Amino acid sequence: MKRLMTMLGVAGLAVASFAAVDDTLISFSTPGPDKYADGSDVLAGECYALVWSADGVFEGIKADGTTVDPADKVVLLAAVAKQGENGTYCPPLLYQVDAELAATLNKGVYAVYLLDTRVTAADGAVAVGGLDENGKLKAVNSYGSVSGDTKAAAGAGAIAQAKTTAIGGAAVATLVEVEAPVITAIKPSGTKITISTSGLSPVVDYKVVTGAKPGEFATELDAKADANGDFTFEKPTNGSFFKVIGVRKFDK
């Protein structure tokens with residue numbers, strides 16, 4: 001059994017008495033104001049992640065929300081950032097790790113991270129990408145630790161308090177790994193060319209450039225990716241080589 005609960009003072013702590021005797025309870029929050037790497041206030045609804053690593057060194061998160069080190073685990077994703085009088089913060093949370101999962105993590109270390117999941121709409125509006133209907137991350141731009149390490153073997157049924165602080169802009173400076181896209185096909189059709197790709201990331205804006213020979217890509221083409229990752233554009237008069245390059249939407 002695992003549950004995520006908002007704690008409200010002493011009354012909230014009483015929730016622990018409903019946990020199974022061999023479950024592990026972890027509480028965390030931030031005092032705020034929490035900020036992104038560019039210094040702007042974290043948006044309401046932004047995600048915090050409770051992560052676990054066997055050696056106490058969490059290697060990070062990729063753009064798709066998976067861990068860089070397959071041995072690391074994202075135990076909890078909480079899209080709970082809240083606006084307060086002193087800025088955005090993570091409200092007090094109590095997470096109940098069921099006994100079966102806790103047993104596999106009892107030799108490692110927990111930590112809490114703030115994620116930057118911002119996305120930009122077609123009209124330029126910025127919003128939290130957050131989680132999809134299955135509770136999975138849609139996209140991650142960067143991440144930063146808001147806590148010190150908390151030993152996983154805190155004791156069954158006990159509350160392990162993850163010591164957290166407000167996270168400033170300089171602290172959210174670790175950009176996620178983004179793999180280079182791969183061109184899978186180039187299909188000419190009349191005056192147009194369609195380039196099919198794989199591996200496009202939602203945290204990157206992509207464009208197609210062309211050149212007369214490899215290594216000399218200088219001209220940007222009017223081409224946007226569709227939902228399938230295909231770029232269709234008018235065949236250039238001077239250009240026989242093509243490359244898809246990307247620029248991060250949020251590079252800090």
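**Close-up views of a predicted model**

**View 1. Glu46, a buried acid without a salt bridge.** Glu46 sits in the loop that runs between β2 (24-28) and β3. As with every view here, keep in mind that this is a predicted model. Is Glu46 buried or exposed? Glu46 is buried, and yet no salt bridge goes with it. Arg118 offers the nearest side chain of opposite charge, and that is 5.6 Å away. A salt bridge needs a nitrogen and a carboxyl oxygen within 4 Å, so Arg118 at 5.6 Å doesn't make one with Glu46. Leaving out neighbours within four places in sequence, Glu46 still has plenty to touch: its contacts include Tyr36, Ala78, Ala81, Leu115, Asp116, Arg118 and Val128.

**View 2. Arg118, with an acid partner and a ring.** Arg118 may miss out on Glu46, but its side chain does meet that of Asp116 in a salt bridge, 2.9 Å from N to O. Both ends are tucked away: Asp116 is buried at 0% relative accessible area, and Arg118 is buried at 5%. Salt bridges with shared partners bring in Asp38 too, so that Asp38, Asp116 and Arg118 make one network. Arg118 also lies over the face of Tyr36, 3.9 Å from the ring centre.

**View 3. Lys192 and Glu234, a bridge between two strands.** Here the closest N and O atoms of the Lys192–Glu234 salt bridge are 2.8 Å apart. What does this pair tie together? Lys192 belongs to strand β16 and Glu234 to strand β19, so the bridge links parts that are 42 residues apart in sequence. Lys192 is partly exposed at 38% relative accessibility, and Glu234 is partly exposed as well, at 44%.

**View 4. Lys35 and Asp41, another salt bridge.** The two side chains meet at 2.5 Å, N to O. Lys35 is partly exposed, with 24% relative accessible area, and Asp41 is partly exposed too, at 37%. If you're keeping a tally, the whole structure has 5 salt bridges.

**View 5. The largest nonpolar core and its strands.** This core holds 26 residues. Which of them have the most contacts inside it? Those are Tyr113, Leu115, Ile195, Val208, Phe231, Phe233 and Phe242. Several strands chip in with at least two core residues each: β3 (47-53), β8 (109-116), β16 (192-198), β17 (204-211), β19 (230-234) and β20 (241-248). There's also a second, separate core of 21 residues, with Trp52, Ala78, Ala81 and Leu105 among them.

**View 6. Aromatic rings: a tilted pair and a cluster.** The aromatic pairs number 3. Phe233 and Phe242 form a tilted one, 5.5 Å from centre to centre with 50 degrees between the planes. Both Phe233 and Phe242 are buried. Elsewhere, ring pairs join Phe58, Tyr113 and Tyr143 into a cluster.

**View 7. Stepping back to the whole chain.** The protein chain comes to 2 helices and 20 strands. Of its 252 residues, 40% are buried. As for long-range contacts, take those between residues at least 6 apart in sequence: 72% of them join residues at least 24 apart.

Methods: Residues are numbered from 1 along each chain as its sequence is written. This is a predicted model: local features need pLDDT of at least 70, side-chain atom pairs count only at pLDDT 80 or more; totals for chains, interfaces and linings use all residues. Side-chain values use heavy atoms; hydrogens and water are left out. A nonpolar core is a set of buried Ala, Val, Leu, Ile, Met, Phe, Trp, Tyr and Cys residues joined through side-chain atoms within 4.5 Å. Buried means under 20% relative accessible area, exposed over 50%, partly exposed in between (1.4 Å probe, protein chains only). Helices (H or I, at least four residues) and strands (E, at least two) are DSSP runs, numbered from the N terminus. Lys and Arg count as positive and Asp and Glu as negative; His and the chain ends are not counted. Contact means heavy atoms within 4.5 Å. Rings of Phe, Tyr and Trp (its six-membered ring) pair if their centres lie within 6.5 Å; planes under 30 degrees apart count as stacked, over 60 as edge-to-face and the rest as tilted. A charge sits over a ring if NZ of Lys or CZ of Arg is within 6 Å of the ring centre and within 35 degrees of the ring normal.
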